[in-house]
Each structure stands twice: as C-alpha cells, then as structure tokens.
Amino acid sequence: MNNVAGKKKKKQRPSQDAGPLSEKSVLAVFRQGARPMTRADIGRALGLKKRDRPALRQTLKNLVDQGRLIKTRGAYGLLDKMRLVTGRLEVKRSGVGFVVPEDSRRKDLFISEKDLGDAWHGDRVVAAVVREHRRKNNEGRIVRVLERGRKSLTARVVRGLGGGAYICRPTDPLLGFGMAVETNEKLRPGQVILAVPGERVEPHLWEARLEKVLGNENDLSVQEALVKATHQVPTKFPGQALDEAAALPEQPREEDFRDRRDLQHLDFVTIDGATAKDFDDAVFVERRGKQGYRLWVAIADVSHYVRPGSALDQEAYERGNSYYFPLSVEPMFPEKLSNGLCSLNPDTPRLVMGVSIDYSGRGEPAEAEYFPAVIRSKARLTYGQIKRALLEKEPAERDRIRHVLPMLEVAEELARKIKSRRTERGSLDFDLPEAEVQTDDNNRITGLQPLERHFGHQLIEEFMVAANEAVARFLESAGPGCLYRIHPRPDVEKLERLAKVLRRTSPDLALPERPGIKDLQALLAKAESTEWTFLVNRLLLRSMMQAQYAPENEGHYGLASESYCHFTSPIRRYADLVVHRLLKSALGDGKQPVPNRKRLRNAADQVNSRERRATDAEREIHRRAAVLYLGQRTGERFRGVISSVTDYGFRVELLGGLTEGTVRLSTLNDDYYAYWRDREILVGERTGRVFRLGQDVEVVLEDVRLDMLEADLRLADGGGR
C-alpha cells in the first residue's frame with residue numbers, strides 16, 4: 001500500500017479494498033438487512049453517488065461470481081439467508097447428483113435428475129434447499145452455474161452429419177448430452193477429440209468447437225490423454241519452474257552438508273516397486289542393547305531445494321501430488337528433482353530429514369530424535385527381492401544382497417513386532433485388490449494382473465507409519481502446528497446397516513449394537529478365509545469415512561492412531577512438504593516461515609481436492625484399461641464375485657476385483673426374481689434360488705461398452721451356487 005494514513009487523494013475512485021464501496025461493505029449491508037435488496041437499496045445504504053454506479057455493478061457481479069450473493073428478479077440476496085448452498089456438483093451414474101458444500105460444516109445436498117438444470121458434473125453451482133430431512137440429506141435444486149468444472153471436454157466422434165459437422169458424445173458417462181462439432185478436419189467415428197462447448201441448442205445438444213484430435217479410442221495412450229484432460233491433470237511444467245529446476249546442482253554441494261548429521265556410514269536401503277524411479281524414503285535398523293532396536297528413517301529433504309513461494313513451490317501446490325497412470329507419470333516436481341537430486345539413489349550422497357526411534361524388545365516405541373542429515377543408500381531393493389531373500393530364503397537372492405542382509409533380517413524382526421503392537425491397539429487392515437496393467441512394446445494391453453502383497457510391502461509400511469506418528473506427536477507438542485492426516489469415525493447409519501445385513505446373513509458375524517474398533521477388527525479376522533470375506537471387507541469399507549488432511553488433530557480411526565501425519569513422501573505429496581517445513585521450524589530453522597492456522601487450512605483444502613482428483617483419475621484409467629482388455633475377450637467365461645445387488649440385477653467383480661460388469665434380470669430366464677432390499681438379495685419366486693453380496697458366480701462376457709465403461713454379462717450355465 002502506498003497510501004499514507006491521514007491523507008486523502010482527490011477524486012479517488014471506489015475500490016474493492018477501501019472507501020465506502022467494497023465487497024466487505026456491501027456484504028455488511030446485506031448482513032444488517034432483513035430482505036433481498038436492489039442496487040438502488042444498496043446505493044442508498046452506502047451513501048453512494050451517481051458516479052459510483054458502475055463500480056457498484058462490478059462489485060455486485062464479483063460477489064455473484066464468487067457465489068456469495070445470488071441475483072433473483074432484479075434484487076440481490078445473501079446466500080446464507082436465502083437457504084442457498086454453494087458447492088461442487090457430483091453427478092452419480094444413476095443420474096442424480098449431490099452438491100458438496102464449500103462450507104465443510106454443511107451436509108451434502110441431494111439433487112434429483114429433474115432439478116439439475118444446465119449444470120454438469122464437476123460444476124461449481126448455487127443450489128436452493130427445497131426440502132429438509134433430519135436423518136438423510138436435504139434436497140435441493142440447482143439455481144445457477146457459477147463456474148464450469150471443465151472449459152473443454154473430451155468426446156467420442158459418433159457420426160458425421162455432412163458439411164463438416166459431426167455428432168460427438170462426451171467420454172464422461174456422467175455427462176448425458178451430445179455435442180455438434182463443426183470443423184474442416186476429417187473426423188472418423190471412434191476418434192476421441194477435445195472440444196470446447198458453446199451454446200445449448202436443444203435440451204440434450206450443445207454446440208462445440210474442435211480444439212484437438214487425441215486419436216483412436218482403442219489406444220491406451222489416448223485413453224490416458226482423455227482421462228488427464230477430463231480431470232484437468234497438469235501435463236506441462238511452467239517455464240519458470242523448469243528454469244528453477246535447471247539451475248539446481250546435479251549433486252549436493254559441500255556447503256549443503258553443514259549442520260547435518262553425517263550418516264553415510266550406515267547401511268540405509270530403499271525398498272520400492274520394480275518400476276519405481278523416485279525413491280524418497282530409506283530405512284536402516286540396528287540392535288540396541290540386548291533386546292532393543294533403533295529404527296532410522298531418512299526422507300528426501302525436498303524443502304532444502306524448494307523454497308516457499310518459488311515457482312517450483314507454487315506449481316507443486318497447484319498439483320498437490322503426483323499422478324500415476326499405466327504408461328506415464330505426471331510428477332509433482334520436474335524430473336531433475338523427482339528422479340535426480342531428491343531421489344535417494346544408491347551410492348550417492350543425498351540430503352534428508354531423519355527420524356530415529358528407539359524400540360523395546362516387544363516393539364514398543366520409546367525415545368525419538370529428528371534432524372537434518374546426509375545419507376548414502378547402500379542398495380536399491382525391490383519388494384520382489386525382499387520376498388525372495390527374507391520370506392522364501394532363496395540362496396541366490398540372499399547372496400546378491402549379502403552386504404545388507406543381516407540388517408534386513410533385524411528390520412523384519414522389528415517390523416513384525418511393530419505390526420503386532422498396532423494390531424493390539426485396534427488398527428484395521430483391509431484386503432483390497434490393486435491392479436497392474438501389463439502392456440507390450442506397442443502399449444497394447446496384454447493383461448490385468450492383481451498386485452501381490454506380502455510382508456515385504458508391510459515391512460516398509462510399518463516403518464513409514466511409525467515415522468509419521470512420531471513426527472505428528474512431536475509437532476503437536478512442539479507448537480508450530482501440523483498438517484494432520486485424519487480419519488473420522490465410521491458413519492453410524494452405515495455401520496447400523498452393515499450390522500443389520502450381517503445379522504440376517506450370518507449370525508456368526510453379528511456386531512454389537514454400538515461396535516468399537518476392536519469389534520470391527522475381530523469381524524475382519526473372523527471373516528478372513530471364509531465365504532464372507534468379500535462381503536465383510538466391502539461393506540465395512542463402505543461404512544468408513546474418507547481420510548483427509550486438516551490442521552486440527554482428530555486422530556486416525558483406521559490406524560487406531562491418536563496423532564498421525566504424512567511426512568514420508570515429499571517428492572510426490574505436497575502435504576508432506578508442508579510437514580517437513582513445520583518440522584524444520586520446530587527444530588529451530590529460522591529460515592522456514594511458519595504458516596498460521598488459516599494458511600494451514602487453505603493448504604489442507606488444496607491437497608484434499610487434489611488428492612480426490614488424483615484418486616478419481618487413477619480409478620478411471622484403470623476402469624478404461626480393463627474395458628479395453630475385456631473387449632478382446634468377449635464370449636469367454638470368468639469367475640467373479642457379486643459386488644452389489646439391485647432391483648434390475650447384480651454387478652459382478654471380475655479379475656480379482658479389477659473391473660466390474662452387470663448381469664441383468666432380463667438375462668435370467670429360469671425364474672422370476674424378487675429384490676429383498678433389507679437383505680440385499682435376489683430370490684427366485686419359484687425355485688428359491690438366491691443371489692447375494694459376496695457370492696461366487698461364473699459369467700460369460702457378452703459385450704463391453706467403452707462409452708459407458710460397462711461390461712454386459714450373463715450367468716453361465718450352472719454358474720451360480
């Protein structure tokens with residue numbers, strides 16, 4: 001600000017920040033009033049002159065665009081006083097939608113299909129509350145689209161209309177309309193394009209302008225491109241961020257080692273997947289005394305190179321995390337950092353933030369220390385190597401890693417004891433399938449393979465959880481604040497529904513009326529390796545709330561942890577970078593600015609939204625890859641598990657849970673089936689044949705629909721028990 005207090009400028013124009021006319025003063029008028037107001041009402045209340053009218057119009061437009069005011073019949077009203085909600089619209093496959101309010105204290109607002117208006121999935125909207133409920137979501141209708149969630153849409157060319165016009169449909173199944181695209185380019189049915197929607201010309205048809213041709217829909221790389229465009233995943237770094245990365249040294253310099261512990265003599269190792277290129281965590285375990293242990297966890301010190309407010313920092317904040325696809329990765333940082341300077345590559349000095357934790361012989365944590373350090377990893381190991389050397393005792397593999405094998409055997413001992421303590425306190429471990437898309441040299445899909453999980457994975461996870469908890473406890477006591485990873489308690493109504501289904505399905509799996517975490521843990525253990533494994537894991541997971549980041553500590557329910565944060569992956573998660581900066585500040589590093597509660601809240605909101613974007617994008621590309629793969633196998637038989645039951649049929653998970661298809665009642669010709677909603681089963685009226693959640697079935701793949709990401713199935717002869 002250049003204005004000097006006490007001095008006035010002649011003919012000062014109204015601004016948004018000062019004088020009688022500002023966004024703040026206009027909102028104050030509405031809060032003091034008892035009704036909607038016209039522009040004239042507002043002008044009189046603020047004592048404005050005729051010359052102020054253009055500025056008032058602009059101020060009101062800004063507030064309407066922000067969703068803080070709503071315009072109705074020439075008057076303006078305050079959203080909070082008009083039973084209106086601003087938020088992001090999420091449309092479900094059934095056609096209904098929910099507005100997720102920007103005010104996180106409010107519940108989601110249900111929107112029926114007829115009340116969606118012109119709004120699309122992902123739009124920022126204003127909705128009016130039309131009906132309130134005590135035990136379920138309030139109902140509403142969309143009154144205004146504030147901002148389109150996407151400025152351009154990916155679409156599939158359906159057919160040509162002649163004269164350079166084409167009918168296209170958005171590739172997002174949640175967008176149920178068509179687009180008329182005019183272009184001089186020759187398009188073919190089945191091509192995927194990027195188009196910018198224009199005006200609505202009919203109820204289900206919009207004009208659109210061709211922006212780019214992505215390629216044929218059966219190409220996995222094209223599917224990746226359309227998913228990135230749909231979810232607005234960044235694919236290019238700004239020039240300034242690349243320039244900052246290029247200016248960094250190839251290796252740490254001698255002056256960077258100053259005031260750091262030199263741990264290059266310790267046998268740190270990294271353990272990751274076979275295809276990983278960025279290694280941000282390394283571990284070392286040693287015996288301490290006769291029975292105790294000391295765990296050392298070293299995490300890449302990204303904060304040393306990425307300063308707050310720099311171009312690299314701003315771009316990482318915008319991305320929020322890295323995005324992983326079958327053929328590519330969109331990293332949070334340029335490769336110079338993610339795969340080079342900040343990656344804990346073997347036999348190379350690297351700057352880290354270190355945590356050392358002492359453990360008793362039973363695996364109980366004691367003293368912990370936190371410090372900047374420099375390490376030199378002694379081996380880049382894979383989960384497969386750990387399995388072969390430690391779990392299967394394979395001589396050849398043990399010989400290959402003999403220089404770190406004694407340390408790894410001590411590490412396995414400690415990891416098993418830590419896991420045992422975590423289980424004792426009630427931590428929940430879900431058995432969820434993860435997929436790996438296998439491709440050939442031409443990027444054609446050759447298979448979908450469930451990822452194998454074994455204690456090699458668990459070993460590194462236990463150490464990361466331990467480090468995350470230790471840092472969260474330290475920051476909670478040290479005072480600069482923390483960006484916690486919280487996991488709220490389960491939804492009570494969903495837990496009640498789970499208990500109800502289990503009581504009617506299998507009395508042995510009954511839950512008490514108000515189950516605690518130990519009851520849920522016991523339920524998972526009881527169902528393991530039984531026919532109810534799928535049912536229990538799936539329904540219990542559905543009752544869980546979403547984990548998220550917050551500046552307030554609410555604990556982590558799933559881990560049964562009182563204090564938890566993410567500290568161990570600053571290369572690929574911005575939340576971890578924030579925690580690193582807070583840790584350095586708590587250790588006395590005066591160069592680290594300490595964010596206040598508001599800044600931490602803003603950072604939490606940002607990384608939460610970007611995490612949802614990454615999750616949705618990665619989920620969608622795996623579904624698209626699965627449909628492409630299944631398209632090569634129509635007519636074949638598959639074993640599957642019934643994952644949901646409805647009044648029109650049931651859905652079946654195939655390939656170990658990697659994709660789904662639908663068996664419709666219209667294809668079951670042996671009987672008429674009734675849907676028992678309270679038990680989530682289908683029952684044959686004549687035969688008494690039952691189809692229920694978790695049931696094994698054999699099905700035949702009839703067809704796949706890439707546009708709907710659907711597989712049509714029919715029950716194989718004798719395919720249901």
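Visitor: Does Glu217 count as buried or exposed, at 13% relative accessibility?
Guide: This is a predicted model. Buried means under 20% relative accessible area. Glu217 has 13% relative accessibility, so Glu217 counts as buried.

Visitor: Where is the place of Glu217, and with which residues is Glu217 in contact, leaving aside neighbours within four places in sequence?
Guide: Glu217 sits in the loop between β12 (205-216) and α4. Neighbours within four places in sequence are left aside here. The contacts of Glu217 are then Arg156, Gly190, Val192, Gln223, Leu628 and Leu706.

Visitor: Which helix gives the most to the largest nonpolar core?
Guide: The largest nonpolar core has 91 residues. Leu408 and Phe463 have the most contacts inside this core. Twelve of its residues come from the helix that gives the most, α11 (residues 455-478).

Visitor: Which residues does Phe463 touch, not counting residues up to four places away in sequence?
Guide: Phe463 is one of the two residues with the most contacts inside the largest core. Residues up to four places away in sequence are not counted. Phe463 touches Val283, Val285, Leu295, Val297, Ala411, Leu414, Ala415 and Ile418.

Visitor: How many cavities of 30 Å³ or more does a search of the whole structure find, and how much space lies in the largest cavity?
Guide: The search of the whole structure finds one cavity of 30 Å³ or more. The space in the largest cavity is about 50 Å³.

Visitor: How many charged residues has the lining of the largest cavity?
Guide: The lining includes Arg150, Leu153, Asp172 and Thr230. β8 (153-162) and α4 (220-230) each supply at least two lining residues. By class, five are nonpolar, four are polar and the charged residues number two.

Note on methods
Residues are numbered from 1 along each chain as its sequence is written. This is a predicted model: local features need pLDDT of at least 70, side-chain atom pairs count only at pLDDT 80 or more; totals for chains, interfaces and linings use all residues. Side-chain values use heavy atoms; hydrogens and water are left out. A nonpolar core is a set of buried Ala, Val, Leu, Ile, Met, Phe, Trp, Tyr and Cys residues joined through side-chain atoms within 4.5 Å. Buried means under 20% relative accessible area, exposed over 50%, partly exposed in between (1.4 Å probe, protein chains only). Contact means heavy atoms within 4.5 Å. On a 1 Å grid over the protein atoms alone, a cavity is a set of points where a 1.4 Å probe fits but cannot get out, and a pocket is an open set with protein on both sides within 12 Å along at least five of seven lines; lining residues have an atom within 4 Å of a point. Grid points are joined across faces, edges and corners, and a volume is the space filled by probe spheres set on the points. Ala, Val, Leu, Ile, Met, Phe, Trp, Tyr, Cys and Pro count as nonpolar, Asp, Glu, Lys and Arg as charged, and the others, Gly among them, as polar.
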